[in-house]
Amino acid sequence: MTAATRHDWTLEEVEALFALPFQDLLFEAQRVHRENQAPNTVQMSTLLSVKTGACPEDCAYCPQSIRYDTGLERETLMAVADVAARAKAAREAGATRFCMGAAWRSPKKRDIEVMSAMIREVKSLGMESCATLGMLTREQAKELRDAGLDYYNHNIDTSPEFYGEIITTREFQDRLDTLEAVREAGMNVCCGGIVGMGETVRDRARMLQVLANLEQHPESVPINQLVAVPGTPLAGQAPIDPFDFVRTIAVARILMPASAVRLSAGREQMSDELQALAFFAGANSIFYGEKLLTTGNPDVEHDRALLTRLGMRTAAGAPGALHA
Ligand code: SAM
Ligand code: DTB
Ligand code: SF4
């Protein structure tokens with residue numbers, strides 16, 4: 001790394017990056033990318049929803065909240081052997097990390113035991129493990145870490161100022177507390193947010209400022225484009241200008257040079273050209289597999305062809321991974 005990684009970005013500085021002419025911003029993001037990351041390389045994680053729907057939280061974007069009628073079939077916690085089979089298939093398809101999501105506000109004691117068994121299965125396949133299970137206590141974070149969990153995903157989702165418009169059942173500070181518990185347990189942090197929920201450019205800048213000013217940058221920063229699911233309060237949300245989405249990726253890359261920036265939800269709605277632009281802006285990680293948690297994702301054949309057309313290769317693990 002050439003320049004020191006900063007943790008003192010002001011909102012004005014971040015907003016100034018967003019205000020740059022598009023080409024200037026992308027040029028700077030690609031410069032930072034090449035100084036800090038392997039070029040033309042993408043890390044691939046496969047997601048699996050191990051417990052689906054009936055979540056008590058009211059996140060306005062989420063098809064899994066019990067409060068919205070999205071027609072989603074609920075599913076109880078999957079059997080460990082079934083999860084192991086899905087992880088194996090993901091490895092065979094070329095994923096290096098397996099990420100298990102559960103629609104919980106926070107897991108119970110028994111849930112942690114079952115998740116620990118799933119994590120051990122994923123690790124026995126030689127894959128990196130990731131989980132996103134809602135809020136964790138310090139003890140739960142340590143238990144998951146002891147089972148071999150490499151990454152914990154817990155997004156701040158948006159700016160502290162806009163947060164209350166999207167979620168009322170928990171506070172922004174609750175998210176930060178879980179992130180601290182994950183750090184304290186010694187796991188890698190996967191933390192990002194969603195773009196396209198009706199937030200302002202200032203909110204996007206604030207979200208990235210909060211992430212970049214954490215004591216340690218998240219090793220993985222997923223930038224999701226809202227998947228507007230019928231039945232959720234954000235179903236009618238107008239899509240954002242694709243260039244504004246790419247700008248968000250570029251600013252994330254500049255603020256967090258050593259982190260993996262993931263082009264996350266919303267790829268199914270994006271053209272190949274737009275995804276290529278997002279890679280140019282500094283994205284170097286994707287969700288790989290025909291499904292995200294409950295919504296669609298591009299086919300693996302399509303993604304493989306896209307990477308080949310762009311001359312990109314896959315990476316074994318994100319830079320900075322504790323358990324590469
Ligand atoms: N229940 C846990 C939680 O909220 O932390 C874990 C699962 S939750 C589905 C993981 C993340 O997925 C959310 O924080 C949000 O950023 C993202 N997400 C959920 N629904 C989405 C949607 N419709 N479009 C884009 N991102 C979404
Ligand atoms: C993240 O930032 N995005 C993923 C993962 N972390 C867990 C989830 C996206 C979910 C999109 C809506 C769905 O499929 O339910
Ligand atoms: Fe529940 Fe997570 Fe969906 Fe919010 S985002 S409703 S916490 S599953």
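**Strand β8, its neighbours and two pockets**

In this predicted model, R262 of strand β8 has P222 as its bridge partner. The chain passes from β7 to β8 by way of helix α9 (residues 242–255), and this β-α-β crossover is right-handed. Strand β7, which spans residues 220–225, pairs with β8 in the parallel sense over four bridges. Within β8 (residues 260–263), the side chains alternate: A260 and R262 point one way, whereas V261 and L263 point the other way. All four of these residues are buried.

Strand β8 also runs parallel to strand β9 (residues 285–287), to which two bridges join it. In this pairing, I286 of β9 is the bridge partner of L263. Together with helix α10 (residues 272–280), β8 and β9 form a right-handed β-α-β unit.

Pockets were examined next. The largest pocket holds about 410 Å³ of space. Its lining comprises 21 residues, and L47, L48, R86, E290 and K291 lie nearest the centre. The elements that contribute two or more residues to this lining are β1 (41–51) and α3 (80–93). Eleven of the lining residues are nonpolar, five are polar and five are charged.

The second largest pocket contains about 230 Å³ of space. Helix α7 (residues 172–184) gives the most to the lining of this pocket, with six residues. Among the lining residues are Q173, L176 and D177, as well as V189, L214, E215 and Q216. By class, the lining of the second largest pocket divides into four nonpolar, two polar and four charged residues.

Methods. Residues are numbered from 1 along each chain as its sequence is written. Chains are lettered from A and ligands numbered from 1 in the order in which they are written. This is a predicted model: local features need pLDDT of at least 70, side-chain atom pairs count only at pLDDT 80 or more; totals for chains, interfaces and linings use all residues. Side-chain values use heavy atoms; hydrogens and water are left out. Buried means under 20% relative accessible area, exposed over 50%, partly exposed in between (1.4 Å probe, protein chains only). Two strands pair if DSSP finds at least two bridges between them. A crossover is right-handed if, with the strands pointing away from the viewer, the path from the first strand over the helix to the second runs clockwise. On a 1 Å grid over the protein atoms alone, a cavity is a set of points where a 1.4 Å probe fits but cannot get out, and a pocket is an open set with protein on both sides within 12 Å along at least five of seven lines; lining residues have an atom within 4 Å of a point. Grid points are joined across faces, edges and corners, and a volume is the space filled by probe spheres set on the points. Ala, Val, Leu, Ile, Met, Phe, Trp, Tyr, Cys and Pro count as nonpolar, Asp, Glu, Lys and Arg as charged, and the others, Gly among them, as polar.
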